[in-house]
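Trainee: I should like to learn how to read a structure step by step. May we work through this one together?

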Amino acid sequence: MIFCRLLGLVLCGNAITVYLASHSIPLAVVATLACSLLLQVVYFGSVLFLTWRSSCACRAGERAEHFGRAGKLDSNQDLHEVTNE
């Protein structure tokens, strides 16, 4: 809900600013549509970035878990070697 209000505020503010600067309704419409497209591209890019970052964090957790298990296996093998000697 907040996002929609903020988006509307930005687009209306952009339209009013362009109209007051140029006194041209068609230019204000085109600039507002361009602003809307730019906001959508930025939003899509941020979603992709967050998805990529979460997958990297997940993989880092898997690697840490894997190395943690490897350390446990090495300790068990050392213990097994000591008991066999």
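Mentor: We may begin with a term: a helix here is a DSSP run of H or I of at least four residues, numbered from the N terminus. Please keep in mind that this is a predicted model.

Trainee: How many helices and strands does the chain have?

Mentor: One helix, α1, covers residues 2-22. Another, α2, covers 25-84. The count for the chain is 2 helices and 0 strands.

Trainee: What distance separates the end C-alpha atoms of α1?

Mentor: The expected span is 1.5 Å times one less than the number of residues. For the 21 residues of α1, this rise of 1.5 Å a residue gives an expected 30 Å. The model agrees with the expectation, since the end C-alpha atoms of α1 are apart by 30 Å.

Trainee: Is Ser-22 buried, partly exposed or exposed?

Mentor: Ser-22 belongs to helix α1, and a polar atom of its side chain lies 2.8 Å from the backbone oxygen of Val-18. Buried means under 20% relative accessible area and exposed means over 50%, with partly exposed in between. The relative accessible area of Ser-22 is 28%, and therefore Ser-22 is partly exposed.

Trainee: Which residue just after α1 takes a positive phi?

Mentor: The place to look is the loop between α1 and α2, where His-23 lies. His-23 counts as exposed, because its relative accessibility is 61%. A positive phi, near 55°, is found here in a residue other than glycine. The residue just after α1 with this positive phi is His-23.

Trainee: Is Thr-32 of helix α2 buried or exposed?

Mentor: Leaving aside neighbours within four places in sequence, Thr-32 is in contact with Leu-11, Asn-14 and Ala-15. Its relative accessible area is 16%, and the cut-off for buried is under 20%. Therefore Thr-32 is buried.

Trainee: Is Leu-33 buried or exposed?

Mentor: Leu-33 is also found in helix α2. Its relative accessible area is 58%, and exposed means over 50%. Leu-33 is therefore exposed.

Trainee: What is the area of the nonpolar surface patch that includes Leu-33?

Mentor: α1 and α2 each supply at least two residues of this patch. Its members are Ile-16, Tyr-19, Leu-20, Ile-25, Val-29 and Leu-33, and together they make a nonpolar surface of about 610 Å².

Trainee: What share of the accessible surface of the chain belongs to carbon and sulfur atoms?

Mentor: Buried residues make up 6% of the 85 residues in the chain. The accessible surface comes to about 7,300 Å², and the share belonging to carbon and sulfur atoms is 71%.

Terms used. Residues numbered from 1 in each chain as written. Predicted model: local features only at pLDDT ≥ 70, side-chain atom pairs only at ≥ 80, totals over all residues. Heavy atoms only, no water. Buried < 20%, exposed > 50% of the residue type's maximum accessible area, 1.4 Å probe, protein only. Polar contact = N/O pair within 3.5 Å; in protein donor to acceptor, adjacent residues only side chain to side chain. Areas by Shrake-Rupley, 256 points an atom, 1.4 Å probe, with all protein chains shown as cover. Patch = residues over 30% accessible without salt bridge, like charges linked within 9 Å, V, L, I, M, F, W, Y side chains within 5 Å. Salt bridge = Lys/Arg side-chain N within 4 Å of Asp/Glu carboxyl O. Contact = heavy atoms within 4.5 Å.
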